[in-house]
Amino acid sequence: MFTGVSGLLNNGEAMNVIGNNIANVNTVGFKGARSLFSDRLSESIGNNSQVGKGVQLQTVQNLFTQGSSQSSENVTDLSIQGNSFFALKSPVTAAPVALQSGAYLSRAGAFHVDNNLYLVNPDGYQVLDTTGNPIQFSRTTGSATTDFGKVTKVDPNGLITYLASDGITLNYYNTTGAAGLPALPANQAAVQKIAVVTASDPTALSKLGGSLYQATADAGVPAAAFSIPDNQPNGTSEQVLSNSLEQSNVDMANEFVKMIITQRAYSANSKTITTTDQMTQEVLGLIR
């Protein structure tokens with residue numbers, strides 16, 4: 001009977017995982033999960049024989065396959081083609097973020113420039129550049145040729161181009177709160193880019209909600225400072241795509257198949273409990 005109970009409990013948890021996947025089918029940058037089961041320690045009954053004691057939920061594993069890209073009319077809507085993550089920090093956390101492992105990670109690139117000229121996500125978390133500082137544009141220099149107007153382009157290597165307030169001059173984002181540099185090829189290597197961070201085992205990242213992840217000891221996020229060589233997208237295998245959002249990687253058809261299988265397993269385990277109860281009733285009947 002208790003073996004059947006273990007099946008009920010753990011298949012119920014698996015149904016929760018499936019339900020969460022389906023609920024987030026339209027969540028930008030969402031990564032689905034799957035339930036993996038293992039058997040419990042078996043009991044020896046002699047003669048080199050063992051009887052199993054049920055099932056346990058071994059792990060809920062996040063799946064970091066690439067989601068499809070959806071075009072957007074917003075230049076600062078970004079997606080990553082590759083395995084890395086955007087790096088963010090809380091608006092109340094001091095800058096710069098000292099280590100890559102100290103940043104919040106996300107695949108959801110629905111960003112915009114807020115009233116304080118920070119590039120932020122919908123919850124106000126600030127996007128980091130390759131120094132570990134939040135990306136903040138400047139409008140305090142008093143120069144119409146360098147003061148921020150609007151973002152016009154984000155290159156695959158994370159290079160940000162913006163239009164100055166004069167409506168004519170194009171500049172590159174330089175570094176946090178500083179005036180931009182003219183959009184000339186000679187300046188591309190000198191300016192900071194949008195930072196991306198890699199995790200050697202992303203399945204070990206901790207989910208925080210709000211499409212954010214946090215590094216753990218097993219995730220393999222580098223405990224090193226931010227830098228252009230380490231955190232700039234290479235523009236080939238790792239690219240930042242502008243006017244694009246990565247959609248959830250949940251496959252609805254696959255989830256419905258899993259739902260049917262899990263429901264049948266749940267029903268079968270409930271049947272073992274009722275059958276065991278009937279057997280118990282038969283034994284009690286013999287006693288009477």
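1. In this predicted model, a salt bridge joins the side chains of Glu 246 and Arg 107, with an N to O distance of 3.0 Å. Glu 246 belongs to strand E20 (residues 244-246), whereas Arg 107 sits in the loop between strand E8 (104-106) and strand E9 (112-113), so the contact ties together parts that are 139 residues apart in sequence.

2. Both partners of this pair deserve a remark on exposure. Glu 246 has a relative accessible area of 0% and is therefore buried. Arg 107, at 3%, is buried as well. The pair also belongs to a wider arrangement: Lys 31, Arg 107 and Glu 246 are linked in a network of salt bridges.

3. The count of salt bridges in the model comes to 4. One of them connects Lys 258 with Glu 255, where the closest N and O atoms are 3.9 Å apart; the cut-off for a salt bridge is 4 Å, so this distance falls within the limit. Lys 258 and Glu 255 both lie in helix H3 (residues 252-287), at a spacing of 3 residues, or about one turn of the helix. Lys 258 is partly exposed, with a relative accessibility of 25%, while Glu 255 is buried at 5%.

4. A further salt bridge is formed by Lys 153 and Asp 155, with 3.4 Å between the closest N and O atoms. Lys 153 counts as partly exposed because its relative accessibility is 46%. Asp 155, at 15%, counts as buried.

5. Lys 153 falls within the range of strand E12 (148-154), which is part of an open sheet of 4 strands. The strand order is E12-E13-E14-E15, and the pairing is antiparallel. The edges of the sheet are formed by strand E12 and strand E15 (181-182), each of which pairs on one side only.

6. Within this sheet, E12 and strand E13 (residues 160-164) run antiparallel and are joined by 5 bridges. Val 151 has Tyr 162 in E13 as its bridge partner.

7. A separate point concerns the surface. Phe 2, Val 5 and Leu 9 make a nonpolar surface patch of about 340 Å². Of these residues, Leu 9 is located in helix H1 (residues 2-23). Leu 9 has a relative accessibility of 58% and therefore counts as exposed; the threshold for that class is over 50%.

Key
Residues are numbered from 1 along each chain as its sequence is written. This is a predicted model: local features need pLDDT of at least 70, side-chain atom pairs count only at pLDDT 80 or more; totals for chains, interfaces and linings use all residues. Side-chain values use heavy atoms; hydrogens and water are left out. Patches are made of residues with over 30% relative accessible area and no salt bridge: like charges are joined within 9 Å, nonpolar side chains (Val, Leu, Ile, Met, Phe, Trp, Tyr) within 5 Å. Accessible areas come from the Shrake-Rupley method with a 1.4 Å probe; for residues, only the protein chains shown count as cover. Helices (H or I, at least four residues) and strands (E, at least two) are DSSP runs, numbered from the N terminus. Buried means under 20% relative accessible area, exposed over 50%, partly exposed in between (1.4 Å probe, protein chains only). Two strands pair if DSSP finds at least two bridges between them.
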